[in-house]
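Please open the structure in a viewer and keep the selection tool at hand. The tour below proceeds stop by stop, naming what to select and what is found there.

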Amino acid sequence: MSYLIETHNSVMKEVYQLAKKVAPSNSTVLILGESGTGKEVLAKYIHFNSKRQGPFVAINCAAIPEELLEAELFGYEKGAFTGAIKTKPGKFEIANKGTLFLDEIGDLSAKLQAKLLRVLQERQVERLGGEHPIKVDVRIIAATNKDLEKEVEAGRFREDLFYRLNVIPIKLPPLRKRKEDIALLANFFLKKVCEREGVPLKRLSEKSLQRLLDYHWPGNVRELENLVERLVILTDKEIIEPEDLSYPFGISLGSEEIELIRTPMSLFSVSSNQEGLALPDLTEEGVDLISLIKEIEVFYLKKALEKASGVKTKAAKLLKLNRTTFIEKLKKYNLA
Ligand SMILES: Nc1ncnc2c1ncn2[C@@H]1O[C@H](COP(=O)(O)OP(=O)(O)OP(=O)(O)O)[C@@H](O)[C@H]1O
Ligand SMILES: [Mg+2]
């Protein structure tokens, strides 16, 4: 994708300007932002608006075990290890004259951090089992949803590698901090999906839109896009009302629907390291404890499911619940 959806948000406008400016250069770019904020979309935009003739090659450093990742990145010669039945070039070679997008760079092991640093310094790679270095001309765009500076402080990420990557940092704001864009994005996705599915264009009623504005969007733009897709497929009405949001909308809490989010929830957001929850302070205004508890439950239920790759027994264990209780809770919150 080489286009970016229009924005009304000032921080995003700056992001777009910066991306436009750095795209034609060969500089290393480090894209930071929570999951689903559009890091890969931005990386592609930068590549496809550059002068680089080679391909855009992406690799997710968190999704693959270390040994496999090493072989993928650097390539290998036939016989380098059991199973290496033929020579295979690595992603660095494949991305020659193009861009290598190193996604989830914050999850790279210490060993591969050292190897990557060497490649960036020397601009050449050596395949596993290889004897000669191969010159590569690759532009690096790295991305992470971790706070890399914290990772450096904690000794989990090499400082020298961080400085090599942090040439042009671009930080994408979470969706809850760019509410001006929610209607714009929702309408963009509505149009896109309706056209794709060949159904008449649907729109959101004012109340539905307010719901979306009040929600805190832990999954950011991707979550909004998925919601819209579900709405188009599952709702027959032309105008989408709040009750239509309730089934697929991750935040709907079924029959005991809570008055969504207004004050407490906007404060109640996933903290930047994505590991915990930032709870609202108890001020004179008070907090809606029942709603908060529900939100906490939903947060951990989803997180556990995600961590357990959807395996309910495992997810239940992570929350120290027995399976039946876990499933009951999923049902209660329409997460089943
Ligand atoms: N500026 C944008 N323009 C167009 N589409 C966008 C934009 N931002 C996000 N999206 C949409 O949001 C979805 C998520 O974007 P993307 O995959 O780039 O996020 P990410 O930050 O890489 O997420 P993750 O950390 O989970 O990998 C994409 O499917 C894309 O359609
Ligand atoms: Mg991504």
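A pocket, as the term is used here, is an open set of grid points with protein on both sides within 12 Å along at least five of seven lines, and its lining residues are those with an atom within 4 Å of a point. The model on display is predicted.

**The whole chain**

Begin with the entire protein chain in cartoon view, where 15 helices and 13 strands can be traced. Of its 336 residues, 46% are buried. Contacts between residues at least 6 apart in sequence are worth displaying next: 71% of them join residues at least 24 apart. Switching to a surface view shows an accessible area of about 17,600 Å², with 52% belonging to carbon and sulfur atoms.

**The second largest pocket**

Which residues lie nearest the centre of the second largest pocket? Select Gly36, Thr37, Gly38, Lys39 and Val41, which hold that place among the 28 residues of the lining. The space in this pocket amounts to about 600 Å³. Now colour α1 (10-22), α2 (39-48), α8 (182-197) and α10 (220-234), the elements that each give two or more residues to the lining. The largest share is that of α2, with 5 residues.

Colouring by domain adds a further view: domain 1 (2-173) and domain 2 (175-260) each supply at least three residues to this lining. Colouring by residue class instead divides the lining into 13 nonpolar, 6 polar and 9 charged residues.

**Helix α3**

Move next to residues 66-74, which form helix α3, and show the side chains of Leu69, Glu70, Ala71, Leu73 and Phe74; these residues are buried. In an α-helix there are 3.6 residues a turn, so residues three or four places apart point the same way. To see what surrounds the buried residues of α3, add β2 (56-60), β3 (75-76), α4 (91-94), β5 (99-103), α5 (110-122) and β6 (124-125), against which they pack. Just after the helix, select glycine 75, where phi is positive at about 80°.

**The enclosed cavity**

How many cavities of 30 Å³ or more does a search of the whole structure find? The search finds 1, and the space in the largest cavity is about 30 Å³. To locate this cavity, select Phe92, Val119, Leu120, Arg123, Val136, Val138 and Ile140, which line it. By class, the lining of the cavity holds 6 nonpolar residues, no polar residues and 1 charged residue.

Key: Residues numbered from 1 in each chain as written. Chains lettered and ligands numbered in written order. Predicted model: local features only at pLDDT ≥ 70, side-chain atom pairs only at ≥ 80, totals over all residues. Heavy atoms only, no water. 1 Å grid on protein atoms, 1.4 Å probe; cavity = no way out; pocket = protein on both sides within 12 Å on 5 of 7 lines; lining within 4 Å. Points joined across faces, edges and corners; volume = space filled by probe spheres on them. Helix = DSSP H or I, 4+ residues; strand = E, 2+ residues; numbered from the N terminus. Nonpolar A, V, L, I, M, F, W, Y, C, P; charged D, E, K, R; others polar. Domains from an automatic or database assignment. Buried < 20%, exposed > 50% of the residue type's maximum accessible area, 1.4 Å probe, protein only. Contact = heavy atoms within 4.5 Å. Areas by Shrake-Rupley, 256 points an atom, 1.4 Å probe, with all protein chains shown as cover.
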